[in-house]
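Me: Hi! I've got a model open and would like to talk through some of its local features. Can I fire some quick questions at you?

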Amino acid sequence: MKLLLQPKGVLAALLLLIFPAFYSPFAHASPPVLSEWNAPKPRHLPLLKSALQLPTSNEKQSDLWTPLDDQGWRPCVESTNSPPSLPEKSEGYLQVFLDGGLNQQRMGICDAVAVAKILNATLVIPHFEVNPVWQDSSSFMDIFDVDHFINVLKDDISIVKELPDEFSWSTREYYAIAIRATRIKMAPVHASANWYLENVSPVLQSYGIAAVSPFSHRLSFDNLPMDIQRLRCKVNFQALVFVPHIRALGDALVSRLRHPYKNGAPGASYLQESTDVIDKDSAGKFVVLHLRFDKDMAAHSACDFGGGKAEKLALAKYRQVIWQGRVLNSQFTDEELRSQGRCPLTPEEIGLLLAALGFDNSTRLYLASHKVYGGEARISTLRKLFPLMEDKKSLASSEERSQIKGKASLLAAVDYYVGLHSDIFVSASPGNMHNALVGHRTYKNLKTIRPNMALLGQLFLNKTISWTDFQQAVVEGHENRQGQIRLRKPKQSIYTYPAPDCMCYA
């Protein structure tokens, strides 16, 4: 395959990367934007130059797109005993109030169903708190297909969309203004089944209702009956599906990624002559990159991302405002954090990782992210390496995106759906989206690349490393990090490691 960029093109591209302020719209940005941070120069310029000049290896491309071998594990979420049946009488209504983002709430829903089963309670569709960062007020029914949810679980627990009139007083506002006997607010993190039986059952028996808040991460992953574990799996992998308009938009995006020259879309860049003939092994295939590099993540990491003194001061101020400066990583140097793999990968670094693994300028890349700190100037290096990079905005018209615009949970739901249906998924840093999709794709035996953060941190600290040595270290360090089954260990999440609780070895 011919190179995408000729030598003059490479030089021009590098000049654009080194001096982005002269070429990007940020050069004309208002002073408040420039006072926050300065568009960083590439931090790994020799590696970047090599990656841009890299010829394509069809043999390596073939290996990259090869699906995972059958590992012998099969989904098994049904009860281990007799077919499920509802008890004759419910002990009362269980309410839970879930905070966090979409994927933290998703795990909370699974736990809520399990706790309702443990307590023999009727579950009220969980209430979603407004996230203080994203300011999204989307409800369960705005995101998930509630009728499907109730129907799939109808033989396991009783579920109601709303409380009956006699309990209509039990609202979020009711619990916010005073101490209430029906609220359980001291549920420990990863509580046991016995804790709920000892502390929540009496409230149900006395009042007919119990409200648990906060509830995130409030059920143990260990020492639970297998039927309860299997029920959590059933909720996560069968009962929770997105509302029809989310699925429809997700299907449209997947179709446009697989058939870019057949399915045009307003704002899409499909018809650009940016590659030569696409290799047959990668034709119709795409990678989803979850790039979590928002200001929240950058500040909390306490790492240096090359934006200069202005960026360091801005992130330090943000840490002080949001966490009052109480960030554990702040006590370590940038070098220490990187060598321990505790810094999220920048767009430049994740691009170099993908290039070292063998992806090239013909790779179709879908960027799943809410908001990248630094905007397009921060992403420009990644886009130079992967000119066929797309996202929701480039793939769908403003009319198609109207129902999800400005709603972080719905935007994340679309990204989750596309990520689940991609050929390969890779996340630039750990987090709830990473954990949820790693688990779901493991359940479906789909290829998922888990960056070796400690290895990459050490490699990027080596400013004299050659491309050959970098690539060899990356390939060797990720041979067993592409979706191979990892059995869950004690205290690990069933939602990230679904085997052996949700999967059986055939």
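Me: Let's start with a proline: where is Pro214 found?
Reply: Happy to help, and do keep in mind that this is a predicted model. Pro214 sits in the loop between β7 (209–212) and α11 (226–239).

Me: What kind of peptide bond joins Ser213 and Pro214?
Reply: A cis one, with omega at about 0°. For background, most peptide bonds are trans. The bond from Ala499 to Pro500 is cis as well, with omega near 10°. Pro500 belongs to the loop between α22 and β13.

Me: Back to the loop between β7 and α11: what is phi of His217?
Reply: Phi of His217 is near 60°, a positive value in a residue other than glycine. His217 is in that loop between β7 and α11, and counts as partly exposed at 33% relative accessibility. Asn120 also has a positive phi, about 55°, although it is not a glycine.

Me: And where is Asn120 placed?
Reply: In the loop between α5 and β3 (122–124). Asn120 counts as partly exposed because its relative accessibility is 22%, and the partly exposed range starts where buried ends, at 20%.

Me: New topic, Gln482. Is Gln482 buried or exposed?
Reply: Buried, since its relative accessible area is 18% and the cut-off for buried is under 20%. Gln482 lies in the loop between α22 (467–477) and β13 (503–505).

Me: What does the side chain of Gln482 reach?
Reply: The backbone oxygen of His478, at 3.1 Å. Leaving out residues up to four places away in sequence, Gln482 touches Leu68, Lys447, Thr448 and Ile449.

Me: Now the empty space. How many cavities of 30 Å³ or more are there?
Reply: The count comes to 5. The second largest cavity holds about 90 Å³ of space and is lined by 13 residues. Nearest its centre are Val438, Thr442, Gly483, Gln484 and Arg486.

Me: Which helix gives the most to the lining of the second largest cavity?
Reply: That's α20, with 3 residues. By class, the lining of this cavity divides into 5 nonpolar, 5 polar and 3 charged residues.

Me: How about the second largest pocket, how much space lies in there?
Reply: About 790 Å³. The second largest pocket has 36 lining residues, and Gly101, Leu102, Asn131, Trp134 and Arg292 lie nearest its centre. That lining has 15 nonpolar, 13 polar and 8 charged residues.

Me: Which helices supply at least two residues each to that pocket lining?
Reply: α5 (102–119), α14 (308–323), α19 (408–420) and α20 (432–443) each do. The largest share, 5 residues, comes from α19.

Me: Last one: which residues of the largest nonpolar core touch the most other members?
Reply: Phe149, Tyr196 and Tyr366, out of 84 residues in that core. The largest share of this core comes from α5, with 11 residues. There is also a second, separate core of 52 residues, which includes Val327, Ala356, Ile379 and Leu385. As a general note, nonpolar side chains tend to be buried together in soluble globular proteins.

Me: Great, thanks for going through it with me!

Methods. Residues numbered from 1 in each chain as written. Predicted model: local features only at pLDDT ≥ 70, side-chain atom pairs only at ≥ 80, totals over all residues. Heavy atoms only, no water. 1 Å grid on protein atoms, 1.4 Å probe; cavity = no way out; pocket = protein on both sides within 12 Å on 5 of 7 lines; lining within 4 Å. Points joined across faces, edges and corners; volume = space filled by probe spheres on them. Helix = DSSP H or I, 4+ residues; strand = E, 2+ residues; numbered from the N terminus. Nonpolar A, V, L, I, M, F, W, Y, C, P; charged D, E, K, R; others polar. Buried < 20%, exposed > 50% of the residue type's maximum accessible area, 1.4 Å probe, protein only. Polar contact = N/O pair within 3.5 Å; in protein donor to acceptor, adjacent residues only side chain to side chain. Contact = heavy atoms within 4.5 Å. Core = buried A, V, L, I, M, F, W, Y, C linked by side-chain atoms within 4.5 Å.
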